[in-house]
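Here is a set of short exercises to work through with the model open beside you. Try each task first, then compare your route with the solution.

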Amino acid sequence: MTESTIDYAAVYRAYPSAVALLTPELRYVEANAAYLKVAGRQWEDLLGRHFWEVFPDNPEDEQASGTRNLRHSLERVAASGERDPMAIQRYDVESAEKPGEFTERYWSIVNAPVPDEDGRVRLILHRVEEVTELVKARGEPLAPEAEDRARRLESDLLTRAGELQSANERLREAHARERQVGLSLQRSMLPEPDLRVPRDAAVRYRPASATMNVCGDWYDIIDLDGDRITLAVGDVVGHGLEAAGVMGQLRSALSAVARVSESPKQALSILDLYARSVPGAQTATVVKLFVDWEAHVLVYSSAGHLPPALARGTGRVDFLDEATSPPLAVLPTHAEPAEASVPFASGDVLVLYTDGLIERRDEDIDQGLARLATSLERHRTKPAEALADSLLVELLPPQGTEDDTALVILRL
């Protein structure tokens, strides 16, 4: 018998394992007899429907995740064109005769692409093997027929485990590469302060502890002329290379705008207009300050960012929160941001930061601000570099944070 004479449709129908075919949009186009039997459905129940319509999760089980996990696996196959073996899944099946009644079931699943002549995913082969009996037995003696089936499944699952381990290793390596690229990109766009006159200043950037949590935090310090300096700290929502790329665009734009703006309000107004044309820039936060050395005045404007801290020579810590507008590009139409000014004395310390420094899960923001104020009161007399290190040691938990931390310190 030659390959051309093989009836592959008949082979598919006779295949002893349960197999279905879905489109890249995850609709059923075919299912063999073994699949219909194990699923307890007729072919008419499946044709043209999404799998989650035919097999919804048990609504009475709040922890049910089978539908979500299967959908993610099928979407990965459709997007990547690569085989995706899944871990054992609990996926309760609704009775066809008694709607609303679910039976606890466990499944071993492999999803694989069926490419066309151009290599694009034309169909997704969805193979399932029910392992409910094996999962529930767990060490109890099995009937001879079930024992033989268990050995076959065990061999299949061992092979699957090896594939999963290899896939996880590749995923970890890819994540590590993306994190390194993101950190390199972020650090290349966060240089040392551009100061013509030596100042007692310090900047710090600490990445988030989680592998993929390269974020969009940034800072900037620029000497405008002999009497004025401008500072900024910002935070782009999201993680990864996309957030780092948006951060670079916003930072560069604000750095250029600040050099020709008359005030922080004007600089943030222009940045808000720019952010509306940058995908991913919406809801980013930023605070901008101008320091007038001759007049001893700080002028500031904030687009939804945490308030800068001003540690006075007397020991009091003031948070500059009187000029806060919504984050960038949040309002339906552009509006002028708020602006305020505050006097300062020689020796006062200005601190700008992002949320990684003070925010903690399940904790009120005021607690984080209080920690910052206490730490500033304790260490405010230190030089800027030493003060930055002290704040990071005291305020960042040893295990790291879920968000990046950007920190700017300037002794006035």
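## Exercise 1: Arginine 312 and its partners

The side chains of arginine 312 and aspartate 348 make a polar contact of 3.2 Å. This is a predicted model.

**Task.** Place arginine 312 in the chain, decide whether arginine 312 is buried or exposed, and list what it touches beyond four places in sequence.

**Solution.**
- Step 1, location: arginine 312 belongs to the loop between strand E14 (309-311) and strand E15 (317-319).
- Step 2, burial: the relative accessibility of arginine 312 is 13%. Buried means under 20%, so arginine 312 counts as buried.
- Step 3, surroundings: leaving out residues up to four places away in sequence, arginine 312 touches Asp318, Val342, Pro343, Phe344, Ala345, Asp348 and Arg380.

## Exercise 2: Salt bridges

**Task.** Find how many salt bridges the whole structure has, then describe those of aspartate 318, glutamate 394 and aspartate 118.

**Solution.**
- Step 1, the total: the search returns 14 salt bridges.
- Step 2, aspartate 318: its partner is arginine 316, and their closest N and O atoms are 2.8 Å apart. Arginine 316 has a relative accessible area of 48%, so arginine 316 is partly exposed.
- Step 3, glutamate 394: its side chain meets that of arginine 378 in a salt bridge of 2.7 Å, N to O. Glutamate 394 is in helix H11 (residues 384-395) and arginine 378 in helix H10 (residues 365-379), so this pair ties together parts 16 residues apart in sequence. Glutamate 394 is partly exposed at 35% relative accessibility, and arginine 378 is partly exposed at 49%.
- Step 4, the network: Arg312, Arg316, Asp318 and Asp348 are joined into one network by salt bridges that share partners.
- Step 5, aspartate 118: this residue bridges to arginine 120, with 3.1 Å between the closest N and O atoms. Both aspartate 118 and arginine 120 are exposed.

## Exercise 3: Classifying a ring pair

**Task.** Count the aromatic pairs, then classify the pair of tryptophan 293 and phenylalanine 344.

**Solution.**
- Step 1, the count: there are 3 aromatic pairs.
- Step 2, the geometry: the ring centres of tryptophan 293 and phenylalanine 344 are 6.1 Å apart, with the planes at 85 degrees. Planes over 60 degrees apart count as edge-to-face, so that is the class of this pair.
- Step 3, the position in the chain: tryptophan 293 is in the loop between strand E12 (285-292) and strand E13 (297-303), while phenylalanine 344 is in the loop between strand E17 (340-343) and strand E18 (349-353). The pair therefore links distant parts of the chain, 51 residues apart.
- Step 4, burial: tryptophan 293 is buried at 15% relative accessibility, and phenylalanine 344 is buried at 6%.

For another kind of ring partner, look at tryptophan 52: the charged end of arginine 71 sits over its ring, 4.0 Å from the centre.

## Exercise 4: The nonpolar cores

**Task.** Which residues have the most contacts inside the largest nonpolar core, and which elements give two or more residues to this core?

**Solution.**
- Step 1, the residues: the largest core has 26 residues, and Leu231, Val291, Leu298 and Leu412 have the most contacts inside it.
- Step 2, the elements: strand E9 (201-206), strand E10 (216-225), strand E11 (228-236), E12, E13, E17, E18 and strand E19 (405-411) each give two or more residues.
- Step 3, a closer look at leucine 412: among the residues it touches beyond four places in sequence are Val291, Trp293, Leu298, Phe344 and Asp348.
- Step 4, the other core: a second, separate core has 25 residues, including Val38, Ala39, Leu70 and Met86.

## Exercise 5: Aspartate 84

**Task.** Is aspartate 84 buried or exposed, and which residues is it in contact with outside four places in sequence?

**Solution.**
- Step 1, location: aspartate 84 lies in strand E3 (residues 84-85).
- Step 2, burial: its relative accessible area is 14%, so aspartate 84 is buried.
- Step 3, contacts: aspartate 84 is in contact with Ser73, Arg76, Val77, Ile109, Val110 and Asn111, leaving aside neighbours within four places. With serine 73, there is a side-chain to side-chain polar contact of 2.4 Å.

Definitions and conventions
Residues are numbered from 1 along each chain as its sequence is written. This is a predicted model: local features need pLDDT of at least 70, side-chain atom pairs count only at pLDDT 80 or more; totals for chains, interfaces and linings use all residues. Side-chain values use heavy atoms; hydrogens and water are left out. Buried means under 20% relative accessible area, exposed over 50%, partly exposed in between (1.4 Å probe, protein chains only). A polar contact is a pair of N or O atoms within 3.5 Å; within protein, one must be able to donate a hydrogen and the other to accept it, and residues adjacent in sequence count only if both atoms are side-chain atoms. Contact means heavy atoms within 4.5 Å. Rings of Phe, Tyr and Trp (its six-membered ring) pair if their centres lie within 6.5 Å; planes under 30 degrees apart count as stacked, over 60 as edge-to-face and the rest as tilted. A charge sits over a ring if NZ of Lys or CZ of Arg is within 6 Å of the ring centre and within 35 degrees of the ring normal. A salt bridge is a side-chain nitrogen of Lys or Arg within 4 Å of a carboxyl oxygen of Asp or Glu. A nonpolar core is a set of buried Ala, Val, Leu, Ile, Met, Phe, Trp, Tyr and Cys residues joined through side-chain atoms within 4.5 Å.
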